[in-house]
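Trainee: I am new to this structure, and I would like to understand how each label attached to it is earned. Could we go through it together, step by step?

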Amino acid sequence: MDKANDTARIVLKLDFGFGRDVGPGKVRLLELIDEYGSIAAAGRAMGMSYRRAWLLVDNLNTSFAEAAVTTQLGGRGGGGAALTGFGRDLATAYREMERDARNAVEERLLSLEENVRRGFMASDERIEARQEA
């Protein structure tokens with residue numbers, strides 16, 4: 001269950017082996033780089049250091065035949081970062097696969113979520129009974 005909103009969710013991680021993977025964090029980083037035009041700003045928006053954000057971008061850029069992010073060195077006008085066409089395609093494909101996976105398992109996930117909710121209620125009842133005893 002997602003503590004933020006108490007609903008079950010599916011989390012998609014694409015694992016290509018050898019430390020090459022793409023999940024919700026890396027995709028969100030790509031989306032924020034696209035929005036802010038900066039690795040540092042995207043990292044800050046996610047609560048991570050520039051180094052951590054840069055390492056994730058470097059991992060993405062070296063995991064595929066094409067880079068996902070291009071950078072410009074800083075200077076008087078400042079540096080910047082931008083998604084490549086491949087980076088945009090990667091983020092879009094991931095979000096589409098995430099949506100497709102969610103749609104494919106929605107009915108079964110809701111059934112399991114209901115079972116979890118019943119388990120919470122039963123657990124709460126057991127705790128209350130012990131407290132009253």
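Trainee: How many helices and how many strands does the protein chain have?

Mentor: Please keep in mind throughout that this is a predicted model. The protein chain has 4 helices and 4 strands, and, read from the N terminus, these elements follow the order β-β-α-α-α-β-β-α.

Trainee: What makes β3 and β4 a pair of strands?

Mentor: Two strands pair if there are at least two bridges between them, and 4 bridges join strand β3 (residues 69-72) to β4, so the pair meets the condition. The two strands run antiparallel, and one of the bridges has Thr-70 with Ala-82 of β4 as its partner.

Trainee: Which side chains of strand β4 are buried?

Mentor: Along β4 (residues 80-83) the side chains alternate, with Ala-81 and Leu-83 pointing to one face and being buried, whereas Gly-80 and Ala-82 point to the other face and are not buried. In the protein chain as a whole, which has 133 residues, 25% count as buried.

Trainee: Why is the contact between Asp-21 and Lys-13 called a salt bridge?

Mentor: The rule asks for a side-chain nitrogen of Lys or Arg within 4 Å of a carboxyl oxygen of Asp or Glu. The closest N and O atoms of Asp-21 and Lys-13 are 3.7 Å apart, so the pair qualifies as a salt bridge. By this rule the count comes to 8 salt bridges.

Trainee: Are the two partners, Asp-21 and Lys-13, buried or exposed?

Mentor: Buried means under 20% relative accessible area, and exposed means over 50%. Asp-21 has 19% relative accessibility and therefore counts as buried, while Lys-13, at 53%, counts as exposed.

Trainee: How do you know that Arg-88 and Asp-34 form a salt bridge, and what does the pair tie together?

Mentor: The N to O distance between their side chains is 2.9 Å, which is within the 4 Å that the rule allows, so the name is justified. Arg-88 lies in helix α4 (residues 85-132) and Asp-34 in helix α1 (residues 24-36), so the salt bridge ties together parts that are 54 residues apart in sequence. Arg-88 is partly exposed because its relative accessibility is 40%, and Asp-34 is partly exposed too, with a relative accessible area of 38%.

Trainee: Where do Glu-113 and Arg-117 lie, and how far apart are the N and O of their salt bridge?

Mentor: Both residues lie in helix α4, 4 residues apart, which is about one turn of the helix, and their side chains meet in a salt bridge at 3.1 Å, N to O. Glu-113 counts as buried because its relative accessibility is 9%, whereas Arg-117, at 32%, counts as partly exposed.

Trainee: Which residues are linked in a network of salt bridges?

Mentor: The network is made up of Arg-28, Glu-31, Arg-95 and Glu-98.

Trainee: How many aromatic pairs does a search of the whole structure find, and why is the pair of Phe-16 and Phe-64 called edge-to-face?

Mentor: The search finds 2 aromatic pairs. The ring centres of Phe-16 and Phe-64 are 5.6 Å apart and their planes stand at 80 degrees, so this pair is edge-to-face, the cut-off for that name being over 60 degrees. The pair links distant parts of the chain, 48 residues apart: Phe-16 is in the loop between β1 (14-15) and β2 (21-22), and Phe-64 is in the loop between α3 and β3. Phe-16 counts as partly exposed because its relative accessibility is 47%, and Phe-64 counts as partly exposed at 22%.

Trainee: Why is the pair of Phe-64 and Phe-86 called tilted?

Mentor: Their ring centres are 5.2 Å apart and their planes are at 55 degrees, so the pair is tilted, since that angle is neither under 30 nor over 60 degrees. Phe-86 is in helix α4, 22 residues from Phe-64, and ring pairs link Phe-16, Phe-64 and Phe-86 into a cluster.

Trainee: Which residues make the nonpolar surface patch?

Mentor: Tyr-50, Trp-54 and Leu-55 make this patch of about 290 Å². Leu-55 is found in helix α3 (residues 50-63), and Leu-55 counts as partly exposed because its relative accessibility is 33%.

Methods: Residues are numbered from 1 along each chain as its sequence is written. This is a predicted model: local features need pLDDT of at least 70, side-chain atom pairs count only at pLDDT 80 or more; totals for chains, interfaces and linings use all residues. Side-chain values use heavy atoms; hydrogens and water are left out. Patches are made of residues with over 30% relative accessible area and no salt bridge: like charges are joined within 9 Å, nonpolar side chains (Val, Leu, Ile, Met, Phe, Trp, Tyr) within 5 Å. Accessible areas come from the Shrake-Rupley method with a 1.4 Å probe; for residues, only the protein chains shown count as cover. Buried means under 20% relative accessible area, exposed over 50%, partly exposed in between (1.4 Å probe, protein chains only). Rings of Phe, Tyr and Trp (its six-membered ring) pair if their centres lie within 6.5 Å; planes under 30 degrees apart count as stacked, over 60 as edge-to-face and the rest as tilted.
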